[in-house]
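The following exercises concern a single protein structure. Each one sets a task and then works through the solution step by step.

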Amino acid sequence: MEIHEYQAKEILSDFGVPIPRGGLAYSPEQAVYRTHEIGGDAWVVKAQIHSGGRGKAGGIKFCRDDDEIWKAADELLGRRLITNQTGNAGKIIHRLYVEEASDIANEYYIGFVLDRQKERISIVASPEGGVEIEEIARERPDSLIRVTVEPAVGMQPFQAREIAFKLGIDKSLISQAITTLLGCYRAFRDLDATMVEINPLVVTADNHLVALDAKMGFDDNALFRRPNISELRDKSQEDPREMKAADRGLSYVGLEGNIGCIINGAGLAMATMDMIKHAGGEPANFLDIGGGASPERVAKAINLVLGDKNVRAVLVNIFAGINRCDWVAEGIVQAVSKIEMNLPFVVRLSGTNVEEGREILRNSQLPIIMADTLQEAAEKAVAAWQDYEKNQGQG
């Protein structure tokens with residue numbers, strides 16, 4: 001789960017990370033009012049969406065008076081902002097963060113990520129802040145500073161000090177840098193985060209260290225024990241398909257193809273999507289119904305996939321272990337019999353109670369295309385989709 005910049009800053013501030021003064025605004029009037037609260041003579045109006053690259057896309061405006069604040073807020077609110085991370089669909093701006101402008105002397109990059117291969121928290125830092133980390137890693141990999149935290153002891157002050165010196169931060173600011181780095185680590189560790197990023201971390205002209213932008217991501221599986229973090233979720237920034245599935249306990253990843261996939265297990269899902277592409281099609285989603293799926297759960301999954309207007313064919317591929325093929329078949333019959341099914345529906349069942357499951361599907365007299373192998377299922381799904389599109393064109 002991702003959160004907004006202003007939310008990440010509030011969290012990090014509680015852990016001792018210095019941030020500029022700022023306030024949230026939902027209207028141009030509020031934006032102007034925030035500048036009066038903050039004080040000063042220059043401010044920055046920032047679009048709050050779950051994406052980086054907002055500045056390049058016009059989502060960050062520098063303002064010097066009330067008229068400019070009003071104009072910037074009016075222009076941004078309700079706009080669909082398209083960045084290099086949102087895709088062509090973009091994300092709609094529903095809220096703004098108005099912040100005091102900072103006179104920047106130096107910029108740095110700080111990132112804490114979960115290294116799943118090492119099973120450790122890894123820190124990545126660079127003396128070149130304000131730039132996408134992928135760009136730095138690609139063009140100047142030697143400039144990156146990498147430190148791994150030993151979980152038995154946690155991040156130590158000497159590691160933070162070492163990073164600060166390697167970044168070239170002035171000696172008078174080393175203490176602030178250590179506090180900032182350790183604060184980021186504690187926030188990461190204590191809140192089940194998967195990523196904490198400050199880009200840029202700046203030194204101001206009056207020699208203060210400030211987190212000018214911040215981003216945090218959290219482990220969805222740990223949200224049950226972090227209700228204060230779970231409450232920060234902004235559903236307007238999420239794919240509505242994924243949000244709807246998550247609310248029903250299903251794992252869904254939306255893609256841009258037209259063959260809907262209902263599968264159990266991430267590995268089988270990836271293999272199925274590869275096979276669909278190999279057969280000449282494009283998957284519309286990755287929907288994992290998980291283990292022990294009841295007929296009701298299968299029916300919910302089917303309805304979710306059919307709710308995607310881009311889906312032109314459905315492929316159900318189940319390898320039953322904990323699951324049972326007869327349960328899955330009952331769920332398919334339950335869902336398909338209740339709707340006017342005009343899309344091709346391909347089913348491949350294998351594993352526990354497979355014959356019983358196939359028998360249920362055969363006896364249902366529903367227009368279901370059966371397949372015995374994954375390759376056959378993918379080829380039939382692609383062929384059925386192509387025939388459907390051809391018939392739609394002729395119609």
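**Exercise 1. A salt bridge between neighbours**

With which residue does R140 form a salt bridge, and how far apart are the closest N and O atoms?

Solution. The model is a predicted one.
Step 1. The partner of R140 is E139, and the closest N and O atoms lie 3.2 Å apart.
Step 2. The accessibility of each partner is then examined. R140 has a relative accessible area of 26% and is partly exposed. E139, at 47%, is also partly exposed.
Step 3. Both values fall between the limits of 20% and 50% that bound the partly exposed class.

**Exercise 2. Two further pairs**

Determine the N to O distances of the salt bridges E282 with K277 and D326 with R324, and classify each partner as buried, partly exposed or exposed.

Solution.
Step 1. In the pair of E282 and K277, the closest N and O atoms are 2.9 Å apart.
Step 2. E282 has a relative accessibility of 39%, so it counts as partly exposed. K277, with 44%, counts as partly exposed too.
Step 3. The side chains of D326 and R324 meet at 2.6 Å, N to O.
Step 4. D326 has a relative accessibility of 8%; because buried means under 20%, D326 counts as buried. R324, at 29%, is partly exposed.
Step 5. The search is then extended to the whole structure, where 24 salt bridges are found. A network of salt bridges links E5, K9, K46, R54, E99 and D213.

**Exercise 3. The six-stranded sheet**

State the strand order of the open sheet of six strands, and explain why β13 and β18 are each left with one side lacking a neighbour in the sheet.

Solution.
Step 1. The order is β13-β15-β14-β16-β17-β18, and the pairing is mixed.
Step 2. β13 and β18 (369-371) stand at the edges and have a single partner strand each, so one side of each has no neighbour in the sheet.
Step 3. From one strand to the next, the twist averages 15°.
Step 4. Within this sheet, β14 (residues 259-263) and β15 (residues 285-288) run parallel and are joined by two bridges. I263 stands opposite D288 of β15.
Step 5. Helix α10 packs on the sheet and touches β13, β14, β15, β16 (313-320) and β17 (345-351). The direction of α10 makes about 160° with that of β14.

**Exercise 4. The environment of helix α8**

Identify which residues of α8 (residues 240-247) are buried and what covers them.

Solution.
Step 1. The buried residues are R241, M243 and A245.
Step 2. Their cover includes β13 (251-254) and α10 (295-306).
Step 3. After α8 comes G249, with a positive phi near 75°.

**Exercise 5. The nonpolar cores**

Which members of the largest nonpolar core touch the most other members, and which helix gives the most residues to this core?

Solution.
Step 1. The core has 45 residues, of which L12, F112, M155, M216 and F218 touch the most other members.
Step 2. Helix α6 (residues 174-190) gives the most, with nine residues.
Step 3. M216 is then taken as an example. With its neighbours within four places in sequence left aside, its contacts include M1, I3, L12, A187 and V196.
Step 4. Another core, of 33 residues, lies apart from the largest one; I262, A284, I289 and V354 are among its members.

Notes: Residues numbered from 1 in each chain as written. Predicted model: local features only at pLDDT ≥ 70, side-chain atom pairs only at ≥ 80, totals over all residues. Heavy atoms only, no water. Buried < 20%, exposed > 50% of the residue type's maximum accessible area, 1.4 Å probe, protein only. Helix = DSSP H or I, 4+ residues; strand = E, 2+ residues; numbered from the N terminus. Contact = heavy atoms within 4.5 Å. Pairing = 2+ DSSP bridges. Axes fitted to C-alpha atoms, helices over the stretch in contact; angles between N-to-C directions. Salt bridge = Lys/Arg side-chain N within 4 Å of Asp/Glu carboxyl O. Core = buried A, V, L, I, M, F, W, Y, C linked by side-chain atoms within 4.5 Å.
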